[in-house]
Amino acid sequence: RRVAVGDVADDIWNALDEESKLADIILLTGGLGPTADDITKPLLCKYFGGKLVVNEDVLAHVKYLFEKIFRRPGPMLERNLKQAEVPDVCTVLKNERGTAPGMWFTQSSAKGEKIFVSMPGVPHEMKGLMKKEVIPRLQQHFKMPFILHQTLLTFGIGESVLAEKIKDWEEGLPLHLKLAYLPHYGNVRLRLTGTGDDKDKLEKELKQQSEVLKQLIEEWLIIDEDMTIQQVVARLLRERKQTVATAESCTGGYIAHLLTMDAGASNSFKGTVVAYDNKVKEDILHVSHQTIESVGAVSEEVVRQMVKGALNELKTDFALATSGIMGPDGGSEEKPVGTVWVGVGNRKKIEAQVFHFRFDRLRNIEQTAHTALNVLRKFIILNPD
C-alpha cells in the first residue's frame with residue numbers, strides 16, 4: 001500500500017496506526033526538515049514514547065556539511081543544529097547526502113514485531129538511505145523471498161496491441177511470475193518479475209519465459225535488458241567505435257541531453273548544433289536559404305541538409321536532425337502541430353522520415369526525441385560502415 005498524508009499530526013498518527021495493522025514494514029518519507037511544517041520527527045518521538053536528544057555523530061555530520069560542503073557564511077542557525085536531535089528510542093541511520101538522519105523504530109504487538117523507518121522526502125537523500133542503510137538492515141532482519149526481473153524493451157507498437165499479441169502466453173504464466181507493461185514515449189518496457197525461495201530455479205524460469213516472449217515480439221524488440229533507447233544507441237556506437245552528432249531545431253537540444261545523461265557519453269557523442277533559428281541553419285549547417293524559402297524549415301529537404309551540415313562540421317560517423325512544429329501554435333492545414341521531420345545519415349547515405357504527433361508541446365518534444373533515437377538506432381544497424 002501507498003498512502004499520502006499531509007502535514008497534519010492527527011492524520012499522520014492515524015496512518016501509522018492503520019498501516020501497522022496491515023504491514024510488518026512501514027516506510028515513511030518527508031517531514032524531517034528544519035521548518036515549521038516538518039512535524040514528523042517530534043510526532044514519531046511522541047508516538048513511540050521517547051524524548052528528543054542530540055546525537056553527536058549526526059551533529060558532527062551536519063556541521064561538516066555546512067562548513068566544508070555547503071560553505072555557507074556566518075554561524076549555523078539553531079534550526080539547522082536541531083537536525084541533530086533524534087528520538088532516544090530509535091536507531092539512527094546516517095544520511096550521507098543530507099542533514100536529516102533516517103530513523104528506525106521497532107514496535108512489538110500481538111501480531112509480532114513491526115518496523116517503522118522514517119527517511120527524508122528529498123528523493124536523492126531517500127534513495128541513498130534505502131540503498132546503504134534500510135535495505136541491508138531489512139535483509140538481515142527478515143527472511144525474504146528472492147525477487148528477480150527480466151526486462152525487454154520494445155518500440156513502435158502500442159501497449160494495448162502488444163498485450164493482445166502476447167495474451168495467450170501471458171495467461172499461461174505461473175502465479176509467481178507477473179508481467180508489467182511500462183509505456184514511455186513510443187516504447188513499451190515489458191518487465192517480467194518472479195518471486196520465490198529458490199534463486200537458481202527462478203532465474204531458469206525467467207530465462208525460459210523471456211525466450212518465448214522474445215520470439216512473440218521479435219518484430220518490435222530492441223533489447224532484452226533494462227536500458228533506455230539512448231543507452232542502446234550509445235552501446236551500438238561504442239561497440240562499433242563510431243560517433244554521432246545532432247542538429248536539432250524543434251527538440252532544442254533535448255536529444256543531446258538524453259545522449260549525455262550517462263557517464264562515458266563522450267566516447268560516442270561529439271556534440272550538437274541547436275539550429276532553432278533559420279539563420280543558424282543557414283550559417284552553421286549551410287542549409288540553403290532558397291530551400292527554406294521554397295519548402296519551409298519543416299521539410300524533408302531541410303533535415304537532409306541539416307544532417308549533411310552536421311556530418312561536415314562536427315566530423316562524425318552519423319548525424320541526426322530534427323525539424324518540426326511542437327505547438328501549441330505555428331501549425332497549418334498542410335503542416336499541423338505535431339508534424340516532425342527526422343533526418344539521419346552517414347557519409348554514404350541520408351534518409352528522412354515524417355512523423356505526426358498529437359500531444360502538447362513538451363510531450364511532442366519528448367516523443368520526437370525518443371522516436372528520432374530509434375530512427376538512428378535502425379540506421380546504425382542497417383548501415384554499419
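Start by selecting Glu211, which is partly exposed with a relative accessible area of 35%. You're looking at a predicted model, by the way, so treat each stop on this tour as a feature of that prediction.

**Stop 1: one turn of helix H8**

Keep Glu211 on screen and add Lys214. Their side chains meet in a salt bridge, 3.2 Å from N to O. Both residues sit in helix H8, three residues apart, which is about one turn of the helix. Is Lys214 buried or exposed? Lys214 counts as buried, because its relative accessibility is 18% and the cut-off for buried is under 20%.

**Stop 2: another pair, in helix H13**

Now jump to Glu300 and Arg304. Here too the side chains meet in a salt bridge, at 3.0 Å from N to O. The two residues lie four apart in helix H13, again about one turn. Glu300 is partly exposed at 29% relative accessibility, and Arg304 is partly exposed as well, at 31%. While you have salt bridges in mind, go back to Glu211 and Lys214 and add Asp224: salt bridges that share partners join these three into one network.

**Stop 3: the start of the chain**

Select Arg1 and Glu19. They form a salt bridge, with the closest N and O atoms 3.0 Å apart. Arg1 belongs to the segment before helix H1 (9-22) and Glu19 to helix H1 itself, so the pair ties together parts that are 18 residues apart in sequence. Check the two ends of the bridge: Arg1 is exposed at 77% relative accessibility, whereas Glu19 is buried at 12%. How many salt bridges does the count come to? The count comes to 15. As background, side chains of opposite charge can pair when their charged atoms come close.

**Stop 4: zoom out**

Time to see the whole protein chain. Color by secondary structure and you should find 14 helices and 15 strands. The radius of gyration is 27 Å, well over the 21 Å that the globule rule gives for 385 residues, so the chain is more spread out than a compact globule. Along the principal axes, the C-alpha atoms fill a box of roughly 80 × 65 × 40 Å. Of the 385 residues, 45% count as buried.

**Stop 5: two distances to draw**

Select Leu32, in the loop between strand E1 (25-29) and helix H2 (40-47). Leu32 is buried, at 6% relative accessibility. Draw a line from its C-alpha atom to that of Pro120: the separation is 5.8 Å, although the two residues are 88 apart along the chain.

Next, try Leu382 and Arg2. These residues are 380 apart along the chain, and their C-alpha atoms are separated by 46 Å. Leu382 is in helix H14 (residues 361-382) and is exposed, at 67% relative accessibility.

**Stop 6: backbone oddities**

A little context first: most residues other than glycine have a negative phi, and most peptide bonds are trans. With that in mind, go to Lys241, whose phi is near 55°, a positive value in a residue other than glycine. You'll find Lys241 in the loop between helix H9 (229-240) and strand E11 (244-248), where it is exposed at 75% relative accessibility.

Then select Lys315, with a positive phi of about 55° although it is not a glycine. Lys315 is in the loop between helix H13 (300-314) and E13, and it is exposed, with a relative accessible area of 54%.

Which peptide bond should you look at next, going from Gly327 to Pro328? This one is cis, with omega near 5°. Pro328 is in the loop between strand E13 (318-324) and strand E14 (339-345).

**Stop 7: two surface patches**

Switch on the surface and pick Tyr64, Ile69 and Phe70. Together they form a nonpolar patch with about 290 Å² of accessible area. Phe70 is in helix H3 (residues 56-70) and is partly exposed, with a relative accessible area of 34%.

For the last selection, take Asp197, Asp198, Asp200 and Glu203, which form a negative surface patch. Asp198 lies in the loop between strand E9 (187-196) and helix H8 (199-216). At 43% relative accessibility, Asp198 is partly exposed.

Methods. Residues numbered from 1 in each chain as written. Predicted model: local features only at pLDDT ≥ 70, side-chain atom pairs only at ≥ 80, totals over all residues. Heavy atoms only, no water. Patch = residues over 30% accessible without salt bridge, like charges linked within 9 Å, V, L, I, M, F, W, Y side chains within 5 Å. Areas by Shrake-Rupley, 256 points an atom, 1.4 Å probe, with all protein chains shown as cover. Salt bridge = Lys/Arg side-chain N within 4 Å of Asp/Glu carboxyl O. Buried < 20%, exposed > 50% of the residue type's maximum accessible area, 1.4 Å probe, protein only. Lys, Arg positive; Asp, Glu negative; His and termini not counted. Charge placed at Lys NZ, Arg CZ, Asp CG, Glu CD. Rg over C-alpha atoms; globule rule 2.2 N^0.38 Å.
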